[in-house]
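Ready for a few exercises? Have a look at the picture first, then try each task before you read its solution.

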There are 2 protein chains.
Amino acid sequence: MADTPGRTEAIRILGEMIAGIPVAMFTTVTERGWLRSRPMVAQSKPFDGTLWFLSEAGSRKARDVRDRQQVNLCYVSAGRDRYVSVSGLATLVADAERVAALWNRAYAEWFPRGVADPDLLLIKVEVEEAEYWDATAHRMVRLSGFTGPSGAFRDLEPGTGI
Amino acid sequence: MADTPGRTEAIRILGEMIAGIPVAMFTTVTERGWLRSRPMVAQSKPFDGTLWFLSEAGSRKARDVRDRQQVNLCYVSAGRDRYVSVSGLATLVADAERVAALWNRAYAEWFPRGVADPDLLLIKVEVEEAEYWDATAHRMVRLSGFTGPSGAFRDLEPGTGI
């Protein structure tokens, strides 16, 4: 997607919103349509429009993503009254170099076989929409830069999503 | 659903896990299949197997629930390393008496028109599956009491879910 001024600004704001939140809740849809969530180590690198996570190839979340790419990420920092929802399209990516570039000590706790584990996969999430809680106004604010002012999620090619 | 010993125990454990977490992230699926989340006031009453939330009738989350009942709730307390995922089936319920019974000061901030607002609806979530993060083992633990040892989500009647 081209980085329009609106998109660049949305990336900057979302990056600020999620900075310093070390764990995200990653929600996928199971084959029967139920929604299941689990914590995942958030990347420590600054956000540039794409979110990267690590998973083992045989995990349920990897299977869910293979079946259905539409996912959600929640970033919560209750102490700062920060609640962020990211709607995205997830893809599994095998790329050992990128795994190594992403890797830091936080992952070592979750993936004890280490950075060279051949079962490690990347989950790449392209952001489609992001919203954050405005604690003063008590409502969600949409970062329109990701999808434009219409607010409409794009239609997917058949078979990509549900 | 009958309260088997396994279910009673699962209700007790889930109740402990979410107690004291004042806000849950409520994830729904939009009509185009995207996943969207937002914070909601969690009930202060002890959990008895059903979760209750308040919403305005015209909200997007109410519309999402009308279209597709399968939802997820995340309860996060990062300081306590607590990450809980609840998969459930949501229903909109109009019941002013129950709204009044649920009501406390926490809701007043989010619903400034107060407990008598005729637009207030209940969102009832029947728990289908719940999992929590075991920080020592670095994995999710499923509370099998909600769906039994098979771990299978039940099939829905056509039209109820996706």
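**Exercise 1. Work out how the two chains share their contact surface.**

Solution. Keep in mind that this is a predicted model. Start with the overlap: 100% of the interface residues of chain A are also interface residues in chain B, so the copies meet through the same surface. Next, the head count: chain A brings 40 residues to the contact and chain B brings 40 residues. Last, the area: about 3600 Å² is buried between chain A and chain B, with 63% of it on carbon and sulfur atoms.

**Exercise 2. Find the symmetry that relates chain A to chain B.**

Solution. Try laying chain A on chain B: a turn of 180° with a shift of 0.0 Å along the axis does it, at an RMSD of 0.0 Å. That is how a two-fold axis relates two copies. Now look for the residue of chain A that comes closest to this rotation axis: Val76(A), whose C-alpha lies at 3.5 Å.

**Exercise 3. Describe the charged and polar links across the interface, then the parts of chain A that build its side.**

Solution. Begin with salt bridges, which need a side-chain nitrogen of Lys or Arg within 4 Å of a carboxyl oxygen of Asp or Glu. Between chain A and chain B there are six salt bridges. One of them joins the side chains of Arg60(B) and Glu131(A), at 2.5 Å from N to O, which fits inside the 4 Å cut-off. Then add polar contacts: 18 residue pairs make one across the interface.

Now for the elements. Strands E1 (23-29), E2 (35-41), E4 (70-77), E5 (82-93) and E6 (120-134), along with helix H4 (105-110), each give at least two residues to the side of chain A that touches chain B. The largest share, six residues, is from E5(A). Sorted by class, that side of chain A holds 19 nonpolar, 10 polar and 11 charged residues.

**Exercise 4. Pick out a salt bridge within chain A and place it on its helix.**

Solution. Over all chains, the whole structure has 16 salt bridges. One pair to look at is Glu16(A) and Arg12(A), whose side chains meet at 2.8 Å, N to O. Both residues sit in helix H1 (residues 5-18) of chain A, and they are four residues apart, about one turn of the helix.

**Exercise 5. Check how confident the predictor is.**

Solution. Take the chain, then the complex. Chain A has an average pLDDT of 90, and 89% of the residues score at least 70. For the complex, the predictor gives an ipTM of 0.91 and a pTM of 0.91.

Terms used:
Residues numbered from 1 in each chain as written. Chains lettered and ligands numbered in written order. Predicted model: local features only at pLDDT ≥ 70, side-chain atom pairs only at ≥ 80, totals over all residues. Heavy atoms only, no water. Least-squares fit on C-alpha atoms with pLDDT ≥ 70 in both. Contact = heavy atoms within 4.5 Å. Buried area = accessible area lost by both parts, 1.4 Å probe. Polar contact = N/O pair within 3.5 Å; in protein donor to acceptor, adjacent residues only side chain to side chain. Nonpolar A, V, L, I, M, F, W, Y, C, P; charged D, E, K, R; others polar. pLDDT = per-residue confidence, 0-100.
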